[in-house]
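Me: I'm new to reading protein structures and would like a close look at a single part of this one. Could you walk me through how the strands pair up, and then through the salt bridges?

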Amino acid sequence: MSDKEKKELSIYEIINAISKDIGISDKTVIQIEGTQDPDIKRLSLQSGSWEASEPWFIVDEQNKLHTMISMDSVNKIITNFKAAQQENFNLKLEKTIWQNVPIDFQDVWAVAMDEIRMLSKDNGNSKVINVDLEALVGKIKKEHPNLFIDLKDLQILK
(Lines give C-alpha, C1' and ligand atoms only; values in the text may rest on other atoms or scores of the structure.)
Protein backbone atom coordinates (compact mmCIF):
# COMPACT_ATOMS: atom_id res chain seq x y z
CA MET A 1 0.00 0.00 0.00
CA SER A 2 1.46 3.36 -1.02
CA ASP A 3 1.79 6.38 1.32
CA LYS A 4 -0.98 8.10 -0.61
CA GLU A 5 -3.31 5.13 -0.07
CA LYS A 6 -2.44 5.11 3.65
CA LYS A 7 -3.24 8.85 3.90
CA GLU A 8 -6.51 8.34 2.02
CA LEU A 9 -7.40 5.51 4.33
CA SER A 10 -6.73 7.64 7.39
CA ILE A 11 -8.85 10.47 5.96
CA TYR A 12 -11.73 8.06 5.37
CA GLU A 13 -11.33 6.67 8.87
CA ILE A 14 -11.56 10.21 10.20
CA ILE A 15 -14.67 10.83 8.10
CA ASN A 16 -16.25 7.62 9.42
CA ALA A 17 -15.43 8.57 13.03
CA ILE A 18 -16.87 12.07 12.60
CA SER A 19 -19.96 10.68 10.89
CA LYS A 20 -20.50 8.25 13.74
CA ASP A 21 -20.04 11.01 16.34
CA ILE A 22 -22.61 13.31 14.73
CA GLY A 23 -25.00 10.48 13.91
CA ILE A 24 -25.06 10.43 10.13
CA SER A 25 -24.88 7.24 8.14
CA ASP A 26 -25.33 8.56 4.60
CA LYS A 27 -22.22 10.64 4.08
CA THR A 28 -21.17 12.51 0.98
CA VAL A 29 -17.45 12.60 0.28
CA ILE A 30 -16.12 14.84 -2.49
CA GLN A 31 -12.58 14.95 -3.86
CA ILE A 32 -11.15 18.23 -5.17
CA GLU A 33 -8.81 17.76 -8.10
CA GLY A 34 -6.73 20.31 -9.94
CA THR A 35 -7.00 21.05 -13.64
CA GLN A 36 -4.64 22.65 -16.13
CA ASP A 37 -6.24 26.00 -15.32
CA PRO A 38 -5.19 27.05 -11.77
CA ASP A 39 -8.49 28.94 -11.36
CA ILE A 40 -10.60 25.85 -12.03
CA LYS A 41 -10.92 22.78 -9.80
CA ARG A 42 -12.88 19.63 -10.49
CA LEU A 43 -15.10 18.08 -7.85
CA SER A 44 -15.68 14.35 -8.01
CA LEU A 45 -18.14 12.44 -5.88
CA GLN A 46 -16.28 9.69 -4.01
CA SER A 47 -19.21 8.33 -2.00
CA GLY A 48 -22.73 9.29 -1.10
CA SER A 49 -24.95 11.47 -3.22
CA TRP A 50 -25.16 15.05 -4.42
CA GLU A 51 -28.61 15.20 -2.79
CA ALA A 52 -27.47 13.81 0.57
CA SER A 53 -27.90 15.66 3.82
CA GLU A 54 -25.21 17.82 5.35
CA PRO A 55 -22.38 18.05 6.08
CA TRP A 56 -20.46 17.12 2.97
CA PHE A 57 -16.88 16.01 3.51
CA ILE A 58 -14.36 17.41 1.07
CA VAL A 59 -10.83 16.10 0.61
CA ASP A 60 -8.56 18.66 -1.04
CA GLU A 61 -5.46 18.17 -3.17
CA GLN A 62 -3.21 18.10 -0.07
CA ASN A 63 -5.44 15.38 1.43
CA LYS A 64 -6.80 17.79 4.05
CA LEU A 65 -10.35 17.32 5.22
CA HIS A 66 -12.95 20.10 4.94
CA THR A 67 -16.71 20.21 5.39
CA MET A 68 -19.40 22.11 3.60
CA ILE A 69 -22.76 23.09 5.04
CA SER A 70 -25.50 25.45 3.93
CA MET A 71 -25.94 28.96 5.31
CA ASP A 72 -29.18 27.79 6.96
CA SER A 73 -27.14 25.29 8.94
CA VAL A 74 -24.51 27.92 9.80
CA ASN A 75 -27.27 30.23 11.07
CA LYS A 76 -28.75 27.42 13.19
CA ILE A 77 -25.33 26.67 14.66
CA ILE A 78 -24.80 30.35 15.53
CA THR A 79 -28.28 30.62 17.04
CA ASN A 80 -27.73 27.49 19.13
CA PHE A 81 -24.30 28.73 20.22
CA LYS A 82 -25.73 32.07 21.32
CA ALA A 83 -28.50 30.32 23.26
CA ALA A 84 -25.97 28.04 24.98
CA GLN A 85 -23.78 31.05 25.76
CA GLN A 86 -26.76 32.90 27.29
CA GLU A 87 -27.75 29.85 29.33
CA ASN A 88 -24.18 29.45 30.57
CA PHE A 89 -24.05 33.13 31.58
CA ASN A 90 -27.39 32.85 33.38
CA LEU A 91 -26.24 29.75 35.28
CA LYS A 92 -23.01 31.46 36.33
CA LEU A 93 -24.93 34.54 37.49
CA GLU A 94 -27.42 32.36 39.38
CA LYS A 95 -24.60 30.46 41.10
CA THR A 96 -22.84 33.70 42.06
CA ILE A 97 -26.04 35.16 43.51
CA TRP A 98 -26.80 32.02 45.54
CA GLN A 99 -23.23 31.94 46.91
CA ASN A 100 -23.89 35.38 48.42
CA VAL A 101 -27.00 34.16 50.29
CA PRO A 102 -29.78 36.39 48.95
CA ILE A 103 -32.94 37.05 50.91
CA ASP A 104 -34.94 37.18 47.68
CA PHE A 105 -33.18 35.69 44.67
CA GLN A 106 -35.52 37.34 42.12
CA ASP A 107 -34.87 40.82 43.52
CA VAL A 108 -31.10 40.35 43.31
CA TRP A 109 -31.47 38.90 39.79
CA ALA A 110 -33.48 41.96 38.70
CA VAL A 111 -30.90 44.38 40.11
CA ALA A 112 -28.07 42.38 38.49
CA MET A 113 -29.78 42.42 35.10
CA ASP A 114 -30.33 46.20 35.39
CA GLU A 115 -26.62 46.63 36.17
CA ILE A 116 -25.68 44.46 33.18
CA ARG A 117 -27.95 46.51 30.91
CA MET A 118 -26.26 49.68 32.14
CA LEU A 119 -22.83 48.14 31.45
CA SER A 120 -23.90 47.20 27.94
CA LYS A 121 -25.13 50.75 27.27
CA ASP A 122 -21.81 52.12 28.52
CA ASN A 123 -20.05 49.68 26.19
CA GLY A 124 -21.43 51.45 23.10
CA ASN A 125 -22.28 49.45 20.00
CA SER A 126 -20.47 46.29 21.08
CA LYS A 127 -22.82 43.43 21.91
CA VAL A 128 -20.08 41.60 23.79
CA ILE A 129 -19.27 42.73 27.29
CA ASN A 130 -17.10 41.08 29.90
CA VAL A 131 -18.72 41.05 33.31
CA ASP A 132 -16.96 39.92 36.46
CA LEU A 133 -20.01 38.36 38.09
CA GLU A 134 -18.46 38.11 41.53
CA ALA A 135 -17.55 41.81 41.45
CA LEU A 136 -21.02 42.66 40.14
CA VAL A 137 -22.84 40.75 42.87
CA GLY A 138 -20.38 42.12 45.44
CA LYS A 139 -21.22 45.65 44.30
CA ILE A 140 -24.95 44.89 44.55
CA LYS A 141 -24.44 43.41 48.02
CA LYS A 142 -22.57 46.55 49.10
CA GLU A 143 -25.13 48.96 47.59
CA HIS A 144 -28.19 46.91 48.62
CA PRO A 145 -27.28 45.01 51.79
CA ASN A 146 -30.97 44.52 52.55
CA LEU A 147 -31.16 42.01 49.65
CA PHE A 148 -28.75 39.60 51.34
CA ILE A 149 -28.47 37.70 54.58
CA ASP A 150 -25.47 38.84 56.57
CA LEU A 151 -24.06 35.68 58.07
CA LYS A 152 -22.25 37.73 60.74
CA ASP A 153 -25.63 38.78 62.13
CA LEU A 154 -26.77 35.21 62.61
CA GLN A 155 -26.10 33.98 66.12
CA ILE A 156 -25.68 30.29 66.70
CA LEU A 157 -27.47 29.30 69.87
CA LYS A 158 -25.19 27.77 72.43
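Reply: Let's begin with I30, whose bridge partner in β3 is I58. Keep in mind as you look that this is a predicted model. The two strands behind that pair are β1, residues 28–34, and β3, residues 56–59, and they run in the parallel sense over four bridges.

Now move one strand over. β1 also pairs with β2, which covers residues 41–47, and here the sense is antiparallel, with six bridges. To find your place, look for Q31, whose bridge partner in β2 is S44. Six residues lie between β1 and β2, and the two strands form a hairpin. So β1 has β3 as a parallel partner and β2 as an antiparallel one. While you are looking at strands, here is a helpful rule: in a regular strand, side chains alternate between the two faces of the sheet.

Next come the salt bridges, of which the structure holds four. One of them joins the side chains of R42 and E33, with 2.4 Å from N to O. Is E33 buried or exposed, or something in between? Its relative accessibility is 24%, so E33 counts as partly exposed; the buried class would need a value under 20%.

Another salt bridge sits within a helix. The side chains of D114 and R117 meet at 2.8 Å, N to O. Both residues belong to helix α3, residues 105–122, where they are three residues apart, about one turn of the helix. D114 has a relative accessible area of 44%, so it is partly exposed. R117 is partly exposed too, because its relative accessibility is 45%.

The same kind of contact can also bring in a second helix. K139 and E115 meet through their side chains in a salt bridge of 3.0 Å, N to O. This pair links distant parts of the chain, since K139 lies in helix α4, residues 133–143, while E115 lies in helix α3, and 24 residues separate them. How accessible is each partner, K139 and E115? K139 has 38% relative accessibility, so it counts as partly exposed. E115 has 18%, so it counts as buried, because the cut-off for that class is under 20%.

If you would like to retrace the tour, start at I30 and I58, go on to Q31 and S44, and then visit R42 with E33, D114 with R117, and K139 with E115.

How values were computed
Residues numbered from 1 in each chain as written. Predicted model: local features only at pLDDT ≥ 70, side-chain atom pairs only at ≥ 80, totals over all residues. Heavy atoms only, no water. Pairing = 2+ DSSP bridges. Buried < 20%, exposed > 50% of the residue type's maximum accessible area, 1.4 Å probe, protein only.
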